[in-house]
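Visitor: Hi, I'm new to this one. Could you walk me through it?
Guide: Sure, let's bring it up and start with the inside.

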Amino acid sequence: SAPYVFPPGFVESSCRSRIFWMKLNKLLLQGKFFQLEINDPYAGPILLDEKLASRCGYVLSEDVRGNPIFRASALGCHVTNRADELFSLTVNIKVSSFSSMRAAVTYIYPMYCSYSSWASREIVCEENYMEVSVRTDVPAVSNDYTVAWMSALPETQNVAYQQWQLMFVSPSGRKRIMISDAAKLGYSFNNTLSRVYLRAPYHTNESDISVISGVTMNMVTSTSMYRQRWLLLLIDTTVSCPIDGISFTDTTLTWTVPSVIPTLVVQESTFLSKNILMGVDGQVIVNPEEKNYLLEHNKTHIRITIPIGAEGGKLKSSISGGVYGVIYSIDLFLEHTWIDADWQTTKYTVMKSVTTPFMPQIPTVTDNTLPEERLFNVAFGHFLPDVSLVAIAIGNVPFTLREAQRHGFRIYETPFPNRTKGFTLEVSFDDLYVLKEYVNRNETKYTLLINYTLSVGPEMTLYYHSAEVQCVIADIEVPEAAGSCDEENLYLTIPTFGLHQYWDLYLGNKLLNRHVVLTNGYLAATNSTHLILQIPLFAVGIIYEEVSFQKIKARFDVALRKVRTMETLQMFSVSCNFNSSAFIICHPDGTVMVSAQMKTVPAIDMSKTKLRDSSCKPREYNKGHAFFKFHVTTCGTSVRFEGDHIIYENEISYEKETLPRQSIPTITRDPDYRLTVLCYYRAKETLVLGSFASDPYISPSFGSGAMVPRSNIAVPRRIRQALNVVSRVSKDESFVEFYEPNMVILKRPMEPVFLEVELKDRSPNAELYLENCWVTGSPDFNSTPRWNITVDGQVVIERPMHS
């Protein structure tokens, strides 16, 4: 197809020493395919492939930024040479939108270079070939007849007249071939006006591997021979190039090349290094130290050290095994000029494209959260410029970046001085997708779950990283309650903020819900800010701190507990004194207190009232009242069962006096006085009773106690008529799961213990009476200290510890 005009900026070319150098702009080749053809002045275009490139002195690769690079030796197969000073080469650049290269556009690109400062011997070690060129007037056959030269001399008798031949010396022996045959083996040999050159790909059959100063070298030992009349020309065309010498640390890469290569320097005693230059991307670096490069040399080595990430190279992001990391590439060259007695001047140039192994760089998540602003600020980095954030998930809810910004998340890039960047995310504590958990007494734990999706490198590989950021702040105010009383009720006023969200109200171990309120006879009302509880004086749950003649000191307690952990945060109490002329109080532990009021006419002597057991007299009395206190197991109290209730019954009566018999009939002046006392208890009821805390003088103020429940059925019965009684400790107030018998149970002070004692006997005459019950600090029943719960059937209440 016809040639086309180049798009602006598509091609750049230059002459660097004796190398044609051409770069194509990758941006103008995006989504397209390209091929290079070498324009042979005689045969026309020849497609460039690997075999042609290594034989003819061409290199096609990419620079560290991904731009296609073409290099050609001035002595390349298709280069037009004028007097070894002016060189020209034409390249066809074919560009197509199809991999088959159909409908390709062809750009014809001629290049021109001049180079006249040839050294006596020049060696180029390219990426894919080795090349040596020698001026034909040097050297004369050496006076130092080495074995290699001597071994070549007998062969000269057979050298064809006026034809070049090559003699290879390798570990497998000597091989002499014609130039036409050398091309078939991948070599290129020719002579110009004043020079002879040999070009060889690496690792030919005639090559040899040797290690010089720790660097592996690929070497082709050859002699070029030419015979014409009385002239016999023998030229040493040996070439040797390094094929490794690269080492890495976490922060640097080092390239090492031997200073003296014995096969290239026949008389080492005459060797003198004249000049060493290093270059990057084809450009000589005059002052390497200014760019933090280090160029060192001694008698054995030349060493170039480059910091990873240094200017002139390219860091590229990559993903390996799901891990983010970087790869650093740099195109180096080394030019070493030396002199020796055999060759006068040798210019030795090595081109080396270096790429580090994959270096993991686990990104970090930095929490810069601002609690005072209630704002999560999370930085994610560091990344190279070839990484972009494409999506994010908050609390496992995915968002594109546009959706995230629209929702109210703020996402922005943060540049860093070392040409890296990070991504910063800002999310309000109050955002819908932030997890919130009420913790401790007055704090909220805010948790931000983030999943990042990034596009990495030119391949745009997706990379995922998750992070969790938490912040705990004291932003909850634990409510305070107010209490009051009237003549018959106690009142608690409690703020409704946080109720059922953070905390609940508990009456003992029961959640104070609508059912409990109605069942216990309370009244509950709410307004926009508060809950008002009305508790009648004689309702269930009232604690009677002091009950005496015509006076009651009553208290009502409600616990504020955390919804999830049931931890008690606050006790709300209201306590008042009440004057009541008549009352009956049935305590959970079976204690009954009665204030009886005289309502008879004429009046009676209240001091002479009694219970069924006439020995049970009033504790206090006056003209119109009598005060009794007794336990349901005493004073002739009877018991009966009705439905799910146990009913204890006693009677207050008056012992009538009989007047002295002065006449008949007998006359009494007192009216009849009888008052029935009834106490109702639920048959199945969980009671919270107070027991003793640890003695502060005996044990630490905070620690663990132990309780071992034992059962009659757990040990052999000694008495045949022993009652079948089982005692168990429940794991919670549901009394569904129980601890095993004879198992030590550790409890902290103030932690409830749920104790059940059950009579298994079905005899109608059997009655369960819990006489003595206590807690000890160890499994030994006789250990001290011991804290009584009941003594002689009476519940003991002192310092509070739930039991």
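Guide: One term before we start: a nonpolar core is a set of buried Ala, Val, Leu, Ile, Met, Phe, Trp, Tyr and Cys residues joined through side-chain atoms within 4.5 Å. Also keep in mind that this is a predicted model.

Visitor: Okay, so in the largest nonpolar core, which residues touch the most other members?
Guide: Those are I306, Y348 and L454, in a core of 84 residues. Strand β27, residues 323-340, gives the largest share of this core, with seven residues.

Visitor: And what lies apart from it?
Guide: Another core, of 38 residues, including L505, Y522, C576 and F583.

Visitor: C576 is a cysteine. What does a disulfide join C576 to?
Guide: To C485, with 1.7 Å from S to S. The link is right-handed, at 90° about the S-S bond. C485 belongs to strand β39 and C576 to strand β47, and they are 91 residues apart.

Visitor: Is C485 buried or exposed?
Guide: Neither, quite: C485 counts as partly exposed at 28% relative accessibility. C576 is buried, at 16%.

Visitor: How many disulfides does the structure hold?
Guide: Six. Another one is C125 with C241, where the sulfur atoms are 2.0 Å apart. The torsion about that S-S bond is about -85°, so this disulfide is left-handed.

Visitor: Which strands do C125 and C241 lie in?
Guide: C125 is in strand β10 and C241 in strand β19, so the pair ties together parts that are 116 residues apart in sequence. C125 is buried, with a relative accessible area of 0%, and C241 is buried at 0% as well.

Visitor: Got another?
Guide: Yes, C586 and C679 form a disulfide with sulfur atoms 1.9 Å apart. The pair links strand β48 and strand β55, across 93 residues. C586 is partly exposed at 30%, while C679 is buried at 1%.

Visitor: Let's stay with β48. In what order do the four strands of that open sheet come?
Guide: The order is β48-β49-β52-β51, with antiparallel pairing. The edge strands β48 and β51 each pair on one side only.

Visitor: Over how many bridges do β49 and β52 pair?
Guide: Seven, in the antiparallel sense. As an example, V592 has F630 in β52 as its bridge partner.

Visitor: Switching topic: how many aromatic pairs are there?
Guide: The structure holds 27. Take W164 and Y226: their ring centres are 4.8 Å apart and the planes sit at 35°, so the pair is tilted. W164 lies in strand β12 and Y226 in strand β17, so the pair ties together parts that are 62 residues apart in sequence.

Visitor: Are those two rings' residues buried or exposed?
Guide: W164 counts as buried at 13% relative accessibility, and Y226 is buried at 16%. Y438 and Y502 make a tilted pair too, with 5.1 Å centre to centre and 45° between the planes.

Visitor: Which rings link up into a cluster?
Guide: Ring pairs link Y324, F380, F383, F423, Y452 and Y463.

Visitor: And where do charged ends sit over rings?
Guide: The charged end of R16 is over the ring of W21, 4.4 Å from its centre. R121 has its charged end over the ring of W343, 4.3 Å from the centre.

Visitor: Last one: which residues does T305 touch?
Guide: Leaving aside residues up to four places away in sequence, T305 touches T252, L253, T254, N292, Y293, L294 and E296. T305 sits in strand β25 and counts as buried at 15% relative accessibility.

How values were computed
Residues are numbered from 1 along each chain as its sequence is written. This is a predicted model: local features need pLDDT of at least 70, side-chain atom pairs count only at pLDDT 80 or more; totals for chains, interfaces and linings use all residues. Side-chain values use heavy atoms; hydrogens and water are left out. Rings of Phe, Tyr and Trp (its six-membered ring) pair if their centres lie within 6.5 Å; planes under 30 degrees apart count as stacked, over 60 as edge-to-face and the rest as tilted. Helices (H or I, at least four residues) and strands (E, at least two) are DSSP runs, numbered from the N terminus. Buried means under 20% relative accessible area, exposed over 50%, partly exposed in between (1.4 Å probe, protein chains only). A charge sits over a ring if NZ of Lys or CZ of Arg is within 6 Å of the ring centre and within 35 degrees of the ring normal. Two strands pair if DSSP finds at least two bridges between them. Contact means heavy atoms within 4.5 Å. A disulfide is a pair of cysteine sulfur atoms within 2.5 Å.
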